[in-house]
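Here are some exercises to work through with the model open beside you. Try each task before reading its solution.

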Amino acid sequence: MSGPSDYQPTNPAVKWIERRLPIFGLMHSSFVAYPTPRNLNYWWTFGAILSMMLGVQIVTGVILAMHYTPEASVAFRSVESIVRDVNYGWLLRNMHASGASMFFLAVYVHMFRGLYYGSYKEPREVLWILGVIIYLLMMATGFMGYVLPWGQMSFWGATVITNLFSAVPYVGDSIVTLLWGGYSVGNPTLNRFFSLHYLLPFVIAGVVVLHVWALHVAGQNNPAGVEAKTEKDTVPFTPYATIKDGFGVSCFLLFFAWFIFYMPNYLGDADNYIPANPGVTPAHIVPEWYYLPFYAILRSIPNKLAGVTAMFAAIIVLAFLPWLDSARTRSSRYRPLAKQFFWIFVVVCVLLGYLGAQPPEGIYVIAGRILTFCYFAYFLILLPLLSRIEKPRPIPNSIADDVLAKYGSKSAVSTVIVLALAGALFAGSAQNARAEEEATPPSQKWSFAGPFGTFDRGAMQRGLKVYKEVCSACHALSYIAFRNLADPGGPGYTAAQATAFAGEYKIKDGPNDQGEMFERPGRPADYFPSPFPNEQAARAANGGALPPDLSLITKARSYERGFPKFVFDFFSTFQEQGPNYVDAILQGFEDKPPAGVTIPEGSYYNKYFPGHSIKMPKPLSDGQVTFDDGSPATVAQYAKDVTTFLMWAAEPHMEARKRLGLQVFVFLIIFAGLMYFTKKKVWADAH
Amino acid sequence: MTTASSAEPTRRDFLFVATGAAAAVGGVVTLWPFISQMNPDASTIAAGAPIEVDLAPIASGQDIKVFWRGKPIYIMNRTKKQVDEARAVPVASLPDPATDQSRVKEGHDQWLVVIGICTHLGCIPIAHEGNYDGFFCPCHGSQYDSSGRIRQGPAPANLPVPPYQFVSDSKIQIG
């Protein structure tokens with residue numbers, strides 16, 4: 001499209017290199033002089049957004065790999081130490097984890113845009129197929145990345161997804177064994193997933209280069225779907241597209257930063273804060289939101305092989321789109337029927353995503369089947385049919401004509417609405433997977449809630465006392481070191497106080513010069529000792545139940561918020577399901593179970609515990625712990641204080657996160673504003 | 001982008017400069033977490049806290065090696081001969097002049113505490129070897145005397161003395 005470059009360098013050094021390797025000319029013709037249609041709308045900035053996201057993921061990923069240990073027994077802990085101990089580790093991890101979601105969100109927008117404007121049609125078939133390959137690679141990369149933290153969802157996600165291949169006739173089991181490197185998902189699996197998760201992004205980057213190359217050969221499609229013919233139809237890439245992409249990117253960064261700084265766990269699953277346990281499957285296995293539509297297709301077909309085939313077919317069918325839709329008119333703007341069906345298709349995908357997060361029972365199964373049919377019907381029946389029977393409206397003669405016609409932005413508005421709704425629905429539905437019959441824990445008022453929330457120091461100090469005097473008899477707190485008590489944003493002790501606190505504990509150390517283990521007073525660098533030497537001892541002492549480590553308990557527990565609450569949660573930054581649950585459990589004991597409920601011997605009735613039968617006896621009673629600051633010695637006060645303390649234990653850098661978030665937002669809002677006006681100025685002479 | 005012909009800065013130029021400056025500042029500030037993460041993390045720093053070493057088991061003429069912050073520390077109980085040798089040398093003749101007194105704690109003159117890392121390229125010198133009754137580095141042949149001072153070979157400086165103090169007559173705290 002751009003032809004031989006007319007790039008004429010003046011700098012002698014550049015000239016010297018240019019004669020030997022014309023890389024500056026290549027850059028100039030690709031990203032400066034490259035003619036770009038002048039009628040592109042903001043949906044076209046998602047290409048730049050995706051490039052940025054790939055860069056963000058690679059940079060943060062390479063850094064995380066510097067601190068992560070891909071070994072099954074320490075992987076979970078190494079992720080926690082990244083978040084707790086590495087400088088800005090929490091920021092880098094949030095960027096990478098939310099970044100994956102943002103990457104997929106952007107790629108879906110990019111794909112739907114291509115679908116709407118017919119960007120896959122001749123001569124852009126190869127460009128489109130390269131895109132489908134990138135998408136497949138992204139799915140593989142995202143899946144393997146999700147396995148690395150080695151939490152419950154990581155482990156069981158890996159198990160379920162690798163088992164998909166067992167559906168292959170004859171050799172299925174051998175393939176699965178090959179993938180695992182063992183008889184089940186284990187350390188070899190984790191190691192190879194780590195290796196591949198590091199490799200694939202670079203493969204993606206390579207295919208992206210091909211994708212951009214193909215794009216620059218065929219030229220960009222545009223909302224009118226007519227090819228650029230004259231100079232009047234195009235503007236140079238720089239400054240016009242560059243500045244517009246820059247503005248799009250800065251707006252997207254605002255959205256991204258909201259997740260990084262205020263909703264880091266909104267798109268995640270609480271179960272992944274529980275270390276992988278090969279003996280217990282979580283009640284609901286839910287993949288990350290971006291796989292949900294395909295997961296719904298998988299589950300809606302009652303035959304294993306057929307289900308797996310359908311799931312993969314749902315992606316592969318995209319590669320055949322250029323031939324399934326043979327209509328000559330590219331843009332759906334001028335295809336009255338295709339346009340309507342496009343939006344129906346978007347809704348089908350969103351609903352499939354919603355169903356993917358629901359338990360596979362009752363009405364959900366039937367709805368899933370109908371929508372699966374609709375999904376395939378769109379590609380295999382509707383598009384081929386439409387391209388034969390639909391009578392398109394007249395298309396503009398040229399892009400310049402289209403710009404003069406000033407096409408309304410009605411569709412843009414409706415797209416935004418649909419996408420916002422879709423995002424919220426997906427995000428919320430990912431958290432839906434909880435047993436429903438339990439009473440929902442009441443929402444408490446927490447000092448640390450909201451974008452400006454901070455921990456109540458008094459509550460944390462009292463909570464530490466409650467933990468030390470009551471909970472620590474059975475529950476470990478093994479991710480917290482005594483030094484953390486003096487950390488900024490923590491319970492507010494001085495380093496000397498933390499040292500003194502540590503000194504009250506006996507820590508097992510050794511071996512000494514005689515080869516014997518010995519006990520010594522704790523030091524700030526030591527971690528809270530566990531009450532039991534091992535899991536078996538803990539179970540033996542607690543009627544077979546393992547008292548969970550409390551370090552992450554407030555992030556590892558959640559409950560369903562339901563529609564439409566989870567939509568509002570996104571804006572109000574409500575993330576306190578965990579604390580509400582812990583608080584409710586501590587107060588939810590009742591001496592007599594309600595009529596009709598029988599509790600087995602050795603268990604106790606708790607209103608908020610899933611299944612109501614809990615092995616932990618009522619731990620707190622009024623007057624059990626005395627506070628020096630005059631706070632009431634009541635169960636409600638204990639529960640609130642210890643939960644506040646445990647919330648800090650689960651996320652010790654929360655205050656730093658919110659503080660930095662505010663600074664980043666102030667900057668990004670100013671920057672996006674500047675970008676907007678700069679863009680307007682630059683484009684002023686193009687119209 | 002900007003018009004070079006206009007002699008006076010325009011509002012348009014100001015906007016472009018402001019946007020470019022904001023992007024540059026944002027980019028540079030964003031770099032900081034990505035660089036800072038390379039520094040030792042909090043657990044590594046905490047593990048580098050001072051350690052106490054009991055000197056009672058070390059007989060005269062013997063030495064032990066302990067680790068502090070991942071570095072080997074030689075603690076040598078020097079004989080009278082070693083101390084005398086170290087103090088007999090004219091300080092001015094040394095490559096890295098320092099008196100033996102400045103390298104030990106007063107009143108504990110027989111105790112030499114040095115970081116056992118050759119100042120040449122980081123190998124571990126062997127104690128009680130070489131021509132000076134001190135340390136000999138097998139990598140490139142640097143020789144240190146009984147005060148840990150460089151006497152011969154490519155190393156440029158004496159073995160450094162780590163921060164330490166005597167908490168009792170037979171116990172030191174390193175760090």
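**Exercise 1. Aromatic pairs**

Task: count the aromatic pairs over all chains, then classify the pair A:F31 and A:F237.

Solution. Start with the total: the rule gives 65 aromatic pairs over all chains. The rule pairs rings of Phe, Tyr and Trp (its six-membered ring) if their centres lie within 6.5 Å; planes under 30 degrees apart are stacked, over 60 edge-to-face, and the rest tilted. Next, take A:F31 and A:F237: the ring centres are 6.1 Å apart and the planes sit at 70°, so this pair is edge-to-face. Now place the two partners: A:F31 belongs to helix 2 (residues 23-31) of chain A and A:F237 to helix 10 (residues 237-261) of chain A, so to speak distant parts of the chain, 206 residues apart. Helices (H or I, at least four residues) and strands (E, at least two) are DSSP runs, numbered from the N terminus.

Then check accessibility, where buried means under 20% relative accessible area, exposed over 50%, and partly exposed in between (1.4 Å probe, protein chains only). A:F31 is partly exposed at 36%, and A:F237 is buried at 14%.

A quick note on the ground rules: this is a predicted model, with local features needing pLDDT of at least 70 and side-chain atom pairs counting only at pLDDT 80 or more, while totals for chains, interfaces and linings use all residues. Residues are numbered from 1 along each chain as its sequence is written, chains are lettered from A and ligands numbered from 1 in the order in which they are written, and side-chain values use heavy atoms, with hydrogens and water left out.

**Exercise 2. Two tyrosines and a cluster**

Task: work out how the rings of A:Y290 and A:Y291 are arranged.

Solution. Their centres are 4.8 Å apart and their planes at 75°, so you can call this pair edge-to-face. Both A:Y290 and A:Y291 are buried. To finish, look for the aromatic cluster whose members include A:W43, A:F252, A:W258, A:Y262 and A:F665.

**Exercise 3. Backbone oddities**

Task: find where the cis peptide bonds at A:P123 and A:P239 sit.

Solution. The bond from A:E122 to A:P123 is cis, with omega near 5°, and A:P123 is in the loop between helix 5 (89-116) and helix 6 (125-147) of chain A. The bond joining A:T238 and A:P239 is cis too, with omega about 5°; A:P239 is in helix 10 of chain A.

Task: is B:R69 buried or exposed?

Solution. First the backbone: B:R69 is not a glycine, yet its phi is positive, near 55°. The residue lies in the loop between strand 2 (63-68) and strand 3 (71-77) of chain B. With a relative accessible area of 56%, B:R69 is exposed.

**Exercise 4. Salt bridges**

Task: trace the salt bridges made by A:R520.

Solution. A salt bridge here is a side-chain nitrogen of Lys or Arg within 4 Å of a carboxyl oxygen of Asp or Glu. The structure has 27 of them over all chains. A:R520 pairs with A:D509, the closest N and O atoms being 2.6 Å apart. A:D509 is in strand 3 (residues 506-509) and A:R520 in strand 4 (residues 518-521) of chain A, so this bridge ties together parts eleven residues apart in sequence. A:R520 also meets A:D526, at 2.9 Å from N to O. On accessibility, A:D509 is partly exposed at 24%, A:R520 is buried at 10%, and A:D526 is buried at 13%.

**Exercise 5. The interface**

Task: describe where chain B meets chain A.

Solution. Begin with contacts (heavy atoms within 4.5 Å): 22 residues of chain B touch 25 residues of chain A. The buried area, meaning accessible area (1.4 Å probe) that the two parts lose on being put together, summed over both, is about 1900 Å², with carbon and sulfur atoms giving 74%. The rule finds zero salt bridges across this interface. Finally, helix 1 (11-36) and helix 2 (42-47) of chain B each give two or more residues to the side that touches chain A, and helix 1 of chain B supplies the largest share, twelve residues.
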